[in-house]
Amino acid sequence: MPLTAPVQHIHGSDSAPLNYFLHAAGPAAAPTLTLDWIFTAICVLVCVIVGVLLIVAIHRRRANAPLDQLVQGNDGLRWIVIGVGLSVPVLVAMLVYALVTLNRVATPAETPALTITVTAYDWWWKVAYDDAADASLRFVTANEIHIPAGEPVRIKLKSADVIHTFWVPRLAGKTQAIPGQTNEQWLQADVPGVYRGQCSQFCGAQHAHMAFEVVAENRAEFAAWSAAQARVPASSNNANVSAGKTLFLDKCAGCHAVRGSDAQGAQAPDLTHLDSRRLIAAGTLTNTAENQLAWITGAQRIKPDSLMPGIALKREEAANLSAYLATLK
Ligand code: HEC
Ligand SMILES: [Cu+2]
């Protein structure tokens, strides 16, 4: 397998035809989208009116009169009264509408049954299912948030380093992740699907490559996924897998954790079920064996300044490591 395989970058999700942010997919997003359109329309209208008045004014310019005379004249005063009289009610109406909308999306209609703790790191997302009533369903994953469709989910937001912002445009508004503080938001996907999310606050070199996905599934699929995530991956006696695991414990375990093994690093994505994820490196690459190796050896080429070093591997080491990573499903 060539280690210099071309890297396939991802831009947006392929799974849903209308997966872009102007299509709200849940009750926490729909009211703000309507507000968005109405505010945009008002702003465009204001620009057009101001533009037309300006053009008219330029064409009807009078001889050089001092400004205070122009304003004091009856004509000037009338326009000021009309301008203020129109703007104030419109601005007040927009303020009231914005407050009403904020209130509508502040809390879900029913109390969320599921809470997920998402911690932002430079430049990826830790996703902890740490609130399950059933302790056997507690686990940690990265950059891929599974939720049951059709119900509200509470997201607790933390940051491990700088200020990031959690944003799934089709499902809810933005909420900041601030070091030393826990913020909350809720989101809901009305139908199953994959919804792209993105850090929306500039947080350093790889801010643009700090994406994630929300995968909404029906209840049965979600239960199957979470049960699988909670399990420890099956071990293998295969010689290549064992050699790959030894290499992993030697070179990777200082940063990465794999549950059920001695790898307990906490500063990097949990790799226990790496193989189950759709994307790696926070939405940057599709999760294929080639891309995994391209990432491991070329992390600094793919995401310069990211907190994973590129790790040189001999051909045989790469094959063994791949064999081990393939067991993490
Ligand atoms: C110095 C700490 C460090 C070491 C050592 C390290 N990594 Fe990483 N790794 C990271 C960080 C941090 C990320 C997240 C980078 C990002 O997306 O910006 C990461 C991301 C990954 C990912 C993508 C995971 C995902 O779900 O997005 C894989 C796979 C991975 N590392 C494998 C390895 C392997 C295999 C080794 C050993 C050969 C290794 N790493 C060594 C810190 C490390
Ligand atoms: Cu960020």
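In this predicted model, the iron atom of ligand 1 has an octahedral arrangement, because the six donor atoms around the iron atom subtend angles of 87 to 178°. Six donors count as octahedral if opposite donors are over 155 degrees apart and all others between 65 and 115. From the protein, the iron atom is coordinated by His 256 through NE2 and by Met 308 through SD, at 1.9 to 2.1 Å. His 256 sits in the loop between helix H5 (239–251) and strand E11 (279–280), and Met 308 in the loop between helix H6 (289–302) and helix H7 (315–325), so the pair ties together parts that are 52 residues apart in sequence.

Both iron ligands fall under the 20% limit for burial: His 256 is buried, with a relative accessible area of 11%, and Met 308 is buried at 15%.

The surroundings of ligand 1 comprise 26 residues, and the closest of them are Cys 252, Cys 255, His 256, Ala 281 and Met 308. Side chains that place a polar atom by ligand 1 are listed below.

| Side chain | Atom of ligand 1 | Distance |
|---|---|---|
| Asn 143 | oxygen | 3.3 Å |
| Trp 295 | nitrogen | 3.4 Å |
| Lys 303 | oxygen | 2.8 Å |

The other metal site to describe is that of the copper ion (ligand 2). Its donors are His 164 (ND1), Cys 199 (SG), Cys 203 (SG) and Met 210 (SD), at 2.1 to 2.6 Å. The angles among these four donor atoms run from 90 to 125°, and the site is tetrahedral. Along the chain, the donors of the copper ion follow the spacing H-x34-C-x3-C-x6-M.

Two of the copper donors can be described by their accessibility. Cys 203 is buried, with a relative accessible area of 8%. Met 210 also counts as buried, because its relative accessibility is 0%.

The UniProt record, an unreviewed entry, annotates residues 111–228 as "domain: Cytochrome oxidase subunit II copper A binding". In the model, this span is 8% helix and 47% strand, and its end C-alpha atoms lie 26 Å apart.

Taken together, the iron atom of ligand 1 has octahedral geometry, whereas the site of the copper ion (ligand 2) is tetrahedral. A histidine and a methionine coordinate the iron atom; the copper ion is coordinated by His 164, Cys 199, Cys 203 and Met 210.

Note on methods: Residues are numbered from 1 along each chain as its sequence is written. Chains are lettered from A and ligands numbered from 1 in the order in which they are written. This is a predicted model: local features need pLDDT of at least 70, side-chain atom pairs count only at pLDDT 80 or more; totals for chains, interfaces and linings use all residues. Side-chain values use heavy atoms; hydrogens and water are left out. UniProt positions are given in the numbering used here, feature names are shortened, and annotations may be inferred rather than shown by experiment. Helices (H or I, at least four residues) and strands (E, at least two) are DSSP runs, numbered from the N terminus. Donors are N, O and S atoms within 2.8 Å of the metal (3.2 Å for Na, K and Ca); water is not among the atoms, so sites may look incomplete. Four donors count as tetrahedral if all angles lie between 85 and 135 degrees; four count as square planar and six as octahedral if opposite donors are over 155 degrees apart and all others between 65 and 115; anything else is irregular. Buried means under 20% relative accessible area, exposed over 50%, partly exposed in between (1.4 Å probe, protein chains only). A residue is near a molecule or strand if one of its heavy atoms lies within 4 Å of it. A polar contact is a pair of N or O atoms within 3.5 Å; within protein, one must be able to donate a hydrogen and the other to accept it, and residues adjacent in sequence count only if both atoms are side-chain atoms.
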